[in-house]
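Biologist: Please take a close look at a single part of this model, the surface, and tell me how its side chains are exposed or covered. I would like one connected account, with the cut-offs given as you go.

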Amino acid sequence: MAGGWSAALAVTPLLLCAGLLAVATTVLYPFEMDTVVSLAGGSWVATHYGLYNTVCGIGITLGNLATGALLDTTRDMGRPALPWLVLALLGGGCAAALAALSRTGRLTARPQPVTSVPT
């Protein structure tokens, strides 16, 4: 019986992280896609989506590779907490950058209506 509780306790953080990621994606996705459409200017929207997804895929791949290498390297060095500190600092830096952009007014949406699609 104790093995069942320990397994459930071990899976709980994973489920919480997956839930937080799902909620964050749900909140962010409409803003993200509206930004791509705005930057496309109503022209070649699908091409812009494709480029955006390609750049994101490359970034995710490189980020995962770098994080994995950092986890392995610091474990071998005897400092397994270091990657988590680096990742926390990276997240905090991104939050600070967003706050700075917000203070300067660069995050306000200025949608422009599309009257016709060029052919």
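Modeller: Cysteine 17 counts as exposed, because its relative accessibility is 52%, where exposed means over 50% relative accessible area, buried under 20% and partly exposed in between, with a 1.4 Å probe and protein chains only. This is a predicted model, in which local features need pLDDT of at least 70 and side-chain atom pairs count only at pLDDT 80 or more, while totals for chains, interfaces and linings use all residues. Residues are numbered from 1 along each chain as its sequence is written, and side-chain values use heavy atoms, with hydrogens and water left out.

Cysteine 94, at 45% relative accessible area, is partly exposed, and a search of the whole structure finds 0 disulfides, a disulfide being a pair of cysteine sulfur atoms within 2.5 Å. Of the 119 residues of the protein, 5% count as buried, and the accessible surface comes to about 9600 Å², with 73% of it belonging to carbon and sulfur atoms (Shrake-Rupley method, 1.4 Å probe; for residues, only the protein chains shown count as cover).

The protein has 3 helices and 0 strands, running α-α-α from the N terminus on (DSSP runs: helices are H or I of at least four residues, strands E of at least two). In the loop between α1 (2–40) and α2 (45–77) sits tryptophan 44, which is exposed at 64% relative accessible area and has a positive phi near 55°, although tryptophan 44 is not a glycine.

On the surface, Met77, Leu82, Leu85, Val86 and Leu89 make a nonpolar patch of about 460 Å²; such patches need over 30% relative accessible area and no salt bridge, with nonpolar side chains (Val, Leu, Ile, Met, Phe, Trp, Tyr) joined within 5 Å and like charges within 9 Å (a salt bridge puts a side-chain nitrogen of Lys or Arg within 4 Å of a carboxyl oxygen of Asp or Glu). Helix α3 (residues 82–103) gives the most to this patch, with 4 residues. In an α-helix there are 3.6 residues a turn, so residues three or four places apart point the same way. Leucine 85 lies in helix α3 and counts as partly exposed, because its relative accessibility is 48%.

The end C-alpha atoms of α3 are 31 Å apart, which agrees with the 32 Å that its 22 residues should span, the expected span being 1.5 Å times one less than the number of residues. After α3 comes glycine 105, with a positive phi near 85°.
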